[in-house]
Number of protein chains: 2
Amino acid sequence: MSDKSQIPDKIISRLPQYYVQLKRLLEKDCQYVSSEKLAEQMELSSSLVRRDLSHFGSFGKKSYGYDIHCLHEKIASIMGFTREKNMIVLGAGYLGRALAHNDSYEERGYQVLALFDVDPAIIGLEFNNTTVLDVDLAPEFIEEHEVEVAALAVPFEAAQKMADMAVNSGVQAIWDFTETPLETPQDIIHIEQNMNDGLCKISCRLMDRSKTKTQ
Amino acid sequence: MSDKSQIPDKIISRLPQYYVQLKRLLEKDCQYVSSEKLAEQMELSSSLVRRDLSHFGSFGKKSYGYDIHCLHEKIASIMGFTREKNMIVLGAGYLGRALAHNDSYEERGYQVLALFDVDPAIIGLEFNNTTVLDVDLAPEFIEEHEVEVAALAVPFEAAQKMADMAVNSGVQAIWDFTETPLETPQDIIHIEQNMNDGLCKISCRLMDRSKTKTQ
């Protein structure tokens, strides 16, 4: 049985949040953190944090708190950040270019090898040292470079076609920004990155306020 | 007591997902949907879906399922999409431009009035009919147009300064793409839009697979 399969899904879903908070503490040169402090930063209860972290082994030191460095490394390992993954970005519009400039890949084990687009006017351009290639070359590129992940940043009308191309060429996972219902085979990891979650949360809270004011 | 305050936070956090799924069904001209079908699309259990939706009133029709149109409208209203909100985008780099081209604002009640940047080379340009203005004009603009929401798409070194400016000028909410720990007053709605969640999920699942293969 693997390390990870012993950890419930609910905890796994909170790991990225733990990872970011621990990284911020490391950047401030902190060595230890209490469950109360982590809980406060993450807007969780401290008892939940203690329960969550107890799944990863013993990182606590009485009266010091958790060893931030060890915990950060353990979570990075559980999340597979220590494993190298080749990625491409399909679509080199503004979002694709923003993705090329995202500086979070390296620490998470991702390497962005190329952008792809249909527009001859931008094929050949470079963004953050990543070249835009003709999308017709993508299938061969994916196979040759053993690309595991394709970020999908194309207009919705091209989304299904591009997803099919990526899957047929051998990618295992699609990081999908298109907000389009896509059909992908069962064995493909299809993650929809909904950029509008935040808009919904903000709207909800502003609504609460305006209700409170008018009550 | 308001409608919303009767609905638990956990359900509120699933509302954006329900909204998107219902919208997709509406676009396919569907009229009714079963809890089983919704549950399958959302990767939840059908009993959880039934419990969730029971909080919004009675939208079910025996042997037909839920009335999609009514449910969609109810959720939009709970999420405050029916209330108009003025927004600006701080930072007109690739991400800011991608945000200007996001077509999800109107149905959620947001109106993007302007982009702001420090770079004279892009001030005056238009993206999706939204003009880039000099960031020095932002405080007056926010006040004059009663801007409630600022999307923060600036480099991390400018993040705190821009957040302070927006808050001091009167915005109520910050939609934060900077992945920087920001200090904001308690009464400000500060939502971090973590674009790298998906990368973490993909990495986790790829890791699972590689473990399974080597076992």
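Contact here means heavy atoms within 4.5 Å. The model shown is predicted.

**Figure 1. Surroundings of A:G91 in chain A.** A:G91 lies in the loop that runs between β4 (85-90) and α5 (94-101) of chain A. Apart from residues up to four places away in sequence, A:G91 touches A:G96, A:L115, A:F116, A:D117, A:A153 and A:V154. The relative accessible area of A:G91 is 6%. A:G91 counts as buried because this value is under 20%.

**Figure 2. The annotated binding site in chain A.** An unreviewed UniProt entry carries the annotation "binding site" for A:G91, A:A92, A:G93, A:Y94, A:L95 and A:G96. Among them, A:G93 is found in the loop between β4 and α5 of chain A, and A:G91 is placed in the loop between β4 and α5 as well. A:G93 has a relative accessibility of 32% and is therefore partly exposed, whereas A:G91 is buried at 6%.

**Figure 3. A:S104 and its contacts with chain B.** A:S104 is placed in the loop between α5 and β5 (110-117) of chain A. With neighbours within four places in sequence left aside, A:S104 is in contact with B:E179 and B:N196. A:S104 has a relative accessibility of 5% and is classed as buried.

**Figure 4. The axis relating chains A and B.** A turn of 180° with a shift of 0.0 Å along the axis lays chain B on chain A, with an RMSD of 0.0 Å. This is the relation of a two-fold axis. The C-alpha of B:Y94 is the one nearest the axis in chain B, at 2.4 Å from it. Both copies use the same surface, as 100% of the contact residues of chain B recur in chain A.

**Figure 5. Chain A as the setting for the close-up views.** Chain A contains 8 helices and 10 strands. Along the principal axes, its C-alpha atoms fill a box of roughly 60 × 55 × 35 Å. Of the 215 residues in chain A, 50% are buried. Among the contacts in chain A with a separation of 6 or more, 57% are between residues 24 or more positions apart. The accessible surface of chain A is about 10800 Å², and carbon and sulfur atoms account for 47% of this surface. Chain A has 22 positive and 33 negative charges, and the mean positions of the two sets are 15 Å apart.

Definitions and conventions:
Residues are numbered from 1 along each chain as its sequence is written. Chains are lettered from A and ligands numbered from 1 in the order in which they are written. This is a predicted model: local features need pLDDT of at least 70, side-chain atom pairs count only at pLDDT 80 or more; totals for chains, interfaces and linings use all residues. Side-chain values use heavy atoms; hydrogens and water are left out. UniProt positions are given in the numbering used here, feature names are shortened, and annotations may be inferred rather than shown by experiment. Helices (H or I, at least four residues) and strands (E, at least two) are DSSP runs, numbered from the N terminus. Buried means under 20% relative accessible area, exposed over 50%, partly exposed in between (1.4 Å probe, protein chains only). Accessible areas come from the Shrake-Rupley method with a 1.4 Å probe; for residues, only the protein chains shown count as cover. Lys and Arg count as positive and Asp and Glu as negative; His and the chain ends are not counted. The place of a charge is taken as NZ of Lys, CZ of Arg, CG of Asp or CD of Glu. Copies are superposed by least squares on the C-alpha atoms of residues with pLDDT of at least 70 in both.
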